[in-house]
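Let's walk through this model together, one piece at a time. Have the sequence and the 3D view side by side as you read.

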Amino acid sequence: MPVQLLERIQALDDSRPNIPGEHWVALGAGLALWLATRRHPSIAVRVLASIASSLLVVRATTGRDVPQPLAKLPYARTPRTRHDWIG
């Protein structure tokens, strides 16, 4: 069930038109969220903000029409090669 839901969300995202600058907005929002909450007194807020900001950065580096500077980040979609396999 969760796999089908994720595939449906990805298909919906792939079918919509690209918004100009959406990758930069997602990257900026992720970095801003992390910077805004990194010294919060609550550990739970820091953990949740770290997860959310990481997801926003991953979102910025993946998808369609990724800007060249963002395509160099570690999470960017790159073709898998044999040496990337584990085992």
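Six names to find along helix H2 are Glu22, His23, Ala26, Leu27, Gly30 and Thr37: these are the buried residues of H2. Look down the axis of H2 and you will see that its buried residues fall within an arc of 145°, so they line one face of the helix. The general rule behind such a pattern is that an α-helix has 3.6 residues a turn, so residues three or four places apart point the same way. Now turn to the face of H2 that points away from the buried side, where you will find the exposed residues Val25 and Ala36.

What lies over the buried residues of H2? The cover includes helix H3, residues 43–61, and helix H4, residues 68–71. As for its geometry, H2 runs from residue 22 to residue 37, and its 16 residues should span 22 Å at 1.5 Å a residue; the end C-alpha atoms are 22 Å apart, which agrees.

Keep in mind that this is a predicted model, so it helps to know how confident the predictor is in each part. Among the elements of the protein chain, H2 has the highest mean pLDDT, at 91, while H4 has the lowest, at 74. Over the protein chain the average pLDDT is 79, and 80% of the residues score at least 70.

Next, step back along the chain to Gly21, which sits in the loop between helix H1 (2–15) and H2. Is Gly21 buried, exposed or partly exposed? Its relative accessibility is 36%, and because partly exposed covers the range between under 20% (buried) and over 50% (exposed), Gly21 counts as partly exposed. Gly21 also has a partner to look for in space: Pro67 is 46 residues away in sequence, yet the two C-alpha atoms are 8.9 Å apart.

On the other side of that loop, H1 has 14 residues and reaches 20 Å from its first C-alpha to its last, close to the 20 Å expected. H1 is hardly covered, with 0 buried residues among its 14.

Finally, take in the protein chain as a whole. There are 4 helices and 0 strands, and reading along the sequence gives the pattern α-α-α-α. Buried residues make up 17% of the 87 residues. The chain exposes about 7000 Å², with carbon and sulfur atoms supplying 67% of that area. Of the contacts between residues at least 6 apart in sequence, 56% join residues at least 24 apart.

Technical notes
Residues are numbered from 1 along each chain as its sequence is written. This is a predicted model: local features need pLDDT of at least 70, side-chain atom pairs count only at pLDDT 80 or more; totals for chains, interfaces and linings use all residues. Side-chain values use heavy atoms; hydrogens and water are left out. Helices (H or I, at least four residues) and strands (E, at least two) are DSSP runs, numbered from the N terminus. The expected span of a helix is 1.5 Å times one less than its number of residues. Buried means under 20% relative accessible area, exposed over 50%, partly exposed in between (1.4 Å probe, protein chains only). The arc is that of the directions from the helix axis to the C-beta atoms. Contact means heavy atoms within 4.5 Å. Accessible areas come from the Shrake-Rupley method with a 1.4 Å probe; for residues, only the protein chains shown count as cover. pLDDT is the predictor's confidence in each residue, from 0 to 100.
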